[in-house]
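Me: I would like to go through this structure step by step. Please answer each question with the reasoning first and the result last.

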Amino acid sequence: MSYVGKVDWGGMEQHIKDVYTISDGDLILEVNALKDHFNIAFQLYNKDERPLRLFLAVLDAEGIPYTMSERLVRYLPKIQLP
């Protein structure tokens, strides 16, 4: 899990609806905060939705409201450092 934190967007913040960080990894939660809400990018390497469904079940059990976008395919180049 990675928490980017609360970024000072200045006067632009009123125009920003959502912020997501996309990174390379097998199972990653990237959290970005705005003034009145936060966004989570739940990234899975494969098409197994069980980790996502379990995470959403915890939010439901705790009464935490959320909205979820459609699934997006992540296209990142394969990078290998020496």
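Me: Leaving aside its neighbours within four places in sequence, which residues is Asn 32 in contact with?
Reply: This is a predicted model. Asn 32 has its place in strand β2. Contact here means heavy atoms within 4.5 Å. With neighbours within four places in sequence left aside, the contacts of Asn 32 are Val 4, Gly 5, Val 19, Tyr 20, Thr 21, Phe 38 and Asn 39.

Me: Is Asn 32 buried or exposed?
Reply: A residue is buried under 20% relative accessible area and exposed over 50%. The relative accessibility of Asn 32 is 4%, so Asn 32 counts as buried.

Me: How many of the residues of strand β2 are buried?
Reply: Strand β2 covers residues 27–33 and is largely enclosed by the rest of the structure. That follows because the buried residues number 6 of the 7.

Me: In what order do the strands stand in the open sheet?
Reply: β1 and β2 pair in the parallel sense over 4 bridges, with Ser 2 opposite Glu 30 in β2. β2 and β3 pair in the antiparallel sense over 7 bridges. The pairing in the sheet is therefore mixed, and the order of its 3 strands is β1-β2-β3.

Me: Which strands stand at the edges of this sheet?
Reply: An edge strand here has a single partner strand, so one side of it is left without a neighbour in the sheet. The strands placed like this are β1 and β3.

Me: Which residue in β3 does Val 31 stand opposite?
Reply: A hairpin joins β2 to β3 through 4 residues. Along this pairing, Ile 28 stands opposite Gln 43 in β3. For Val 31, the residue opposite in β3 is Ile 40.

Me: What kind of aromatic pair do Phe 42 and Phe 55 form?
Reply: The count of aromatic pairs is 1. Phe 42 and Phe 55 lie 5.6 Å apart, centre to centre, with 40° between the planes. Planes under 30 degrees apart count as stacked and over 60 as edge-to-face, so the rest are tilted. At 40°, the pair of Phe 42 and Phe 55 is tilted.

Me: How many residues apart in sequence are the parts that this pair ties together?
Reply: Phe 42 lies in strand β3, and Phe 55 lies in helix α1 (residues 50–61). The pair therefore ties together parts whose separation in sequence is 13 residues.

Me: At about what angle does α1 run to β3?
Reply: Helix α1 lies across β2 and β3. The angle at which α1 runs to β3 is about 150°.

Notes. Residues numbered from 1 in each chain as written. Predicted model: local features only at pLDDT ≥ 70, side-chain atom pairs only at ≥ 80, totals over all residues. Heavy atoms only, no water. Buried < 20%, exposed > 50% of the residue type's maximum accessible area, 1.4 Å probe, protein only. Helix = DSSP H or I, 4+ residues; strand = E, 2+ residues; numbered from the N terminus. Pairing = 2+ DSSP bridges. Phe/Tyr/Trp six-rings, centres within 6.5 Å; stacked < 30°, edge-to-face > 60°. Axes fitted to C-alpha atoms, helices over the stretch in contact; angles between N-to-C directions.
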